[in-house]
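This report describes selected features of a single protein chain, with attention to its largest pocket, one helix and several individual residues. The sequence and the model are shown first.

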Amino acid sequence: MAANFWTSSHYTHLLVQEDVDKVNPVDKEKGVTLEDFKFIKMHMSNYILKLAQQVKVRQRVVATAVTYMRRVYTRMSMTEYDPRLVAPACLYLASKAEESTVQARLLVFYIKKLYADDKYRYEIKDILEMEMKILEALKYYLVVFHPYRSLSGFLQDAGLNDLSMTQLTWGLVNDTYKMDLMLVHPPHLIALACIYIASVLREKDTTVWYEELRVDMNVIKNISMEILDFYENNRMFTDERINTALQKL
């Protein structure tokens, strides 16, 4: 993978929010709204996490898989690329990209264990076929940079690397994968936004530290507000709401 974010395909393929919040015309014809679209992606992020916990892979694999899934739906429709299959196929692909390979048969086993719904009942060949479709949809751009490495360095630099701040900021970063932030913002800015939120919650004065970084605080605060808005709206995320959205596909 590219060693430098600024020369990577991740950087060159960052999108603007308007391109991310765009429901495919094929899905629109099925009645899928922007709200449906966001909820289904959030549900599939959780699905990937649940499956990853069963097969025991690192958080980085989960983060890469979720990023792949969200990248796919900036180009493809959910009607043609069933999220119930795309999610495990992205996890399968990400496990290989992150050198933590999971066998497809294990994914199939745990999918059947987690979900009784027949619509989730895919077989090994289905995952392998969808993996190839995902590679094509992504145009084989598989490089993903995550905020975790920047986060550790920033916390140490700011003198905030105690257990409380580390756990809080790490949890915040994990939650950003339930949104599309990684498709729009560089990972180090997401990390700085999570530190900003945590420092306010823990009443840590980081004003001077941010000034020394010479970072645009308007950008950091805007990303922070996106994260906080997600928590505010998260109560709308219910199984009933998700099932209603999925039934439209």
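Domain bounds, as used here, come from an automatic or database domain assignment. The model is predicted: local features need pLDDT of at least 70, side-chain atom pairs count only at pLDDT 80 or more, and totals for chains, interfaces and linings use all residues. Residues are numbered from 1 along each chain as its sequence is written, and side-chain values use heavy atoms, with hydrogens and water left out.

**The largest pocket**

Rolling a probe the size of a water molecule over the atoms shows where empty space is left. A pocket is here an open set of points, on a 1 Å grid over the protein atoms alone, where a 1.4 Å probe fits, with protein on both sides within 12 Å along at least five of seven lines; lining residues have an atom within 4 Å of a point. The volume is the space filled by probe spheres set on the points, which are joined across faces, edges and corners.

By this procedure the largest pocket has a volume of about 440 Å³. Its lining comprises 18 residues, and those nearest its centre are Lys38, Met179, Glu226, Phe230 and Asn233. Two or more lining residues are given by each of the elements α4 (34-55) and α14 (217-233), with helices taken as DSSP runs of H or I of at least four residues, numbered from the N terminus. The largest share, five residues, comes from α4. Nine lining residues are charged (Asp, Glu, Lys and Arg), six are nonpolar (Ala, Val, Leu, Ile, Met, Phe, Trp, Tyr, Cys and Pro), and three are polar (the others, Gly among them). Because domain 1 (15-143) and domain 2 (147-235) both give residues to the lining, the largest pocket lies between them.

**Helix α9**

Which residues of α9 (residues 147-157) are buried? They are Pro147, Tyr148, Leu151, Phe154 and Leu155, where buried means under 20% relative accessible area, exposed over 50% and partly exposed in between (1.4 Å probe, protein chains only). Seen down the axis of α9, these buried residues fall within an arc of 125 degrees, so they line one face of the helix; the arc is that of the directions from the helix axis to the C-beta atoms. Their cover includes α5 (59-72), α10 (163-176), α12 (187-201) and α13 (207-213). On the face turned away from the buried side, α9 carries the exposed residues Arg149, Gln156 and Asp157. Just after α9, Gly159 takes a positive phi of about 70 degrees.

**Positive phi outside glycine**

Two loop residues that are not glycine also have a positive phi; they are set out below.

| Residue | Loop | Phi | Relative accessibility |
|---|---|---|---|
| Glu203 | between α12 and α13 | about 55 degrees | 72%, exposed |
| Arg214 | between α13 and α14 | near 55 degrees | 78%, exposed |

**Val55 and Thr244**

Val55 belongs to helix α4 and, at 12% relative accessibility, counts as buried. Neighbours within four places in sequence aside, Val55 is in contact (heavy atoms within 4.5 Å) with Val102, Leu106, Leu107 and Tyr110. From Val55 to Tyr140, 85 residues apart in sequence, the C-alpha to C-alpha separation is 25 Å.

Thr244 is placed in helix α15 (residues 239-246) and is partly exposed, at 38% relative accessibility. Although Thr244 and Asp36 are 208 residues apart along the chain, their C-alpha atoms are separated by 8.5 Å.
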